[in-house]
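Here are some notes on the model you sent, set out as numbered points. They deal with backbone angles in two loops and with a pocket.

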Amino acid sequence: MKSTGIIRRVDELGRVVIPIEIRNQFNIVEKDPIEIYVDNSSIVLTKYEQNCVFCGSTENLVDYKNKLVCEECSKKLNSLYEK
């Protein structure tokens with residue numbers, strides 16, 4: 001992990017402001033979902049992006065029974081039933 005040298009305090013509601021430079025770097029805008037992970041003794045924030053349940057791709061997603069599947073995996077699944 002790389003230190004930014006930026007320090008922020010947690011407010012009385014438990015909030016921390018992500019500096020604008022970091023938000024711009026990761027294209028994070030107001031109302032974007034942020035996923036929170038714990039890695040040993042570190043807290044990791046990640047911009048949440050929906051992805052394919054099979055391969056993790058974030059491109060060309062379609063909804064199938066409330067699950068997201070990319071176009072590539074959808075084709076592979078269809079080929080299983082064509083045999």
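1. A residue counts as exposed when its relative accessible area is over 50%, and as buried when that area is under 20%. The model is a predicted one, and the points below should be read with that in mind.

2. Asn60 is not a glycine, yet its phi is positive, at about 55°. The residue sits in the loop that runs between strand E2 (42–47) and strand E3 (61–64). Its relative accessible area is 55%, so Asn60 is classed as exposed, the cut-off being over 50%.

3. Lys31 is another non-glycine residue with a positive phi, here about 80°. Its place is the loop between helix H1 (20–25) and strand E1 (34–39). With a relative accessible area of 76%, Lys31 is exposed.

4. Why remark on the sign of phi at all? Because most residues other than glycine have a negative phi. Both Lys31 and Asn60 carry a positive value, and a check of the two loops by eye would be reasonable.

5. The largest pocket holds about 980 Å³ of space. It is lined by 24 residues, and those closest to its centre are Ile18, Ile22, Ile43, Val44 and Leu45. Two elements, E1 and E2, give two or more residues each to this lining.

6. Which element gives the most to the lining of the largest pocket? It is E2, with six residues. By residue class, the lining of the largest pocket has 16 nonpolar, five polar and three charged members.

Notes. Residues are numbered from 1 along each chain as its sequence is written. This is a predicted model: local features need pLDDT of at least 70, side-chain atom pairs count only at pLDDT 80 or more; totals for chains, interfaces and linings use all residues. Side-chain values use heavy atoms; hydrogens and water are left out. Helices (H or I, at least four residues) and strands (E, at least two) are DSSP runs, numbered from the N terminus. Buried means under 20% relative accessible area, exposed over 50%, partly exposed in between (1.4 Å probe, protein chains only). On a 1 Å grid over the protein atoms alone, a cavity is a set of points where a 1.4 Å probe fits but cannot get out, and a pocket is an open set with protein on both sides within 12 Å along at least five of seven lines; lining residues have an atom within 4 Å of a point. Grid points are joined across faces, edges and corners, and a volume is the space filled by probe spheres set on the points. Ala, Val, Leu, Ile, Met, Phe, Trp, Tyr, Cys and Pro count as nonpolar, Asp, Glu, Lys and Arg as charged, and the others, Gly among them, as polar.
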